[in-house]
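Please open the structure in your viewer and keep the sequence beside it. The stops below say what to select next and what is there.

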Amino acid sequence: MNIGILGTGGMAAALGGAWTAAGHNVVIGGRSQERAQRTAGRIGAAGHGTLADAASHGDVILVATPATDAPHLVGSLAGSLAGRTVVDCTNPLVPTGDGLMLNTGGATSVARQLAAAAPDAHVVKAFNLCHVSIWTLRPPTFEDVPLAVPYCADHPTAAAATQTLISSIGCTPAPCGGLARAAYLEATAALAIGLWWAGGQPRAAFPSLAEVPQSLNV
């Protein structure tokens, strides 16, 4: 699969590295050509270039920029993104005295903002729940169980492409409905990351079905 990545930071490097190792053809695009080249070289990506280069390269485009920048950036590339799967891994989080809070500018989710900015693209919300370090594992497996990656998508082709991206790096696709439910993934990130920062273990709050008493397991 041809994958263009918008951004040169940690998520671009970690997911781009995982996909490159899985055999995908990755091009890193950034505002800074020096940073794009450095990120591409670090992960062994197929190439690097401008943001427009990455947008026109991929069957799938990963948006790995700050959430506040993403809608404007995607809007500026809307023509190149038409008909492509656009994966939003951003988290619109701001630290406050009450903990991490969502900042979506009044919209239901950043993912929906991207869909509005590029109406002919097929936007997917995915890869936003885990710390960047998780995506450097080969594969991300915990207690012998592959990591589940929730995603929200409206378009069947985009959903299928996202499943390929997830399964090719050894994870399990976890469909969570259409893009209207992306707001729940973003809110879950705020809750989970807030718990991590407080020293908690978010996964301890979600026991597996196998651990439910049989009398209640219906």
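Select R38 to begin: with a relative accessible area of 46%, R38 is partly exposed, where buried means under 20% relative accessible area, exposed over 50%, and partly exposed in between, using a 1.4 Å probe and protein chains only. Add E34 to the selection, which is exposed at a relative accessible area of 57%. The two side chains meet in a salt bridge, with 3.7 Å from N to O; the term stands for a side-chain nitrogen of Lys or Arg within 4 Å of a carboxyl oxygen of Asp or Glu. Both E34 and R38 lie in helix α2 (residues 33-43), four residues apart, which is about one turn of the helix. Helices (H or I, at least four residues) and strands (E, at least two) are DSSP runs, numbered from the N terminus.

A note on what is on the screen: this is a predicted model, in which local features need pLDDT of at least 70 and side-chain atom pairs count only at pLDDT 80 or more, while totals for chains, interfaces and linings use all residues. Residues are numbered from 1 along each chain as its sequence is written, and side-chain values use heavy atoms, with hydrogens and water left out.

Next, select K125 and D88, which form a salt bridge whose closest N and O atoms are 2.8 Å apart. Because K125 lies in strand β8 (residues 122-126) and D88 in strand β5 (residues 85-88), the pair ties together parts that are 37 residues apart in sequence. Are these two residues buried or exposed? Both K125 and D88 are buried.

Keep K125 selected and add E186, since E186 also forms a salt bridge with K125, again with the closest N and O atoms 2.8 Å apart. E186 lies in helix α8 (residues 182-197) and K125 in strand β8, so this pair ties together parts that are 61 residues apart in sequence. E186 is buried, with a relative accessible area of 0%, and K125 likewise counts as buried at 0% relative accessibility. Salt bridges that share partners join D88, K125 and E186 into one network. By the rule given above, the count comes to four salt bridges.

Now move to the loop between β8 and β9 (141-142), where P139 lies. A cis peptide bond joins R138 and P139, with omega about -5 degrees. F127 lies in the loop between β8 and β9 too, and its phi is near 65 degrees, a positive value in a residue other than glycine. F127 counts as buried at 2% relative accessibility. Select D144 as well, in the loop between β9 and β10 (145-146); phi of D144 is near 65 degrees, and D144 is exposed, with a relative accessible area of 76%.

For the next stop, select strand β11 (residues 148-153) and strand β12 (residues 172-175), which pair in the parallel sense over four bridges; two strands pair if DSSP finds at least two bridges between them. Which residue of β12 is the bridge partner of V149? The partner is P173.

Finally, show the whole protein, which has eight helices and twelve strands. Its C-alpha atoms fill a box of roughly 55 × 40 × 35 Å, taken along the principal axes. Of its 218 residues, 44% count as buried.
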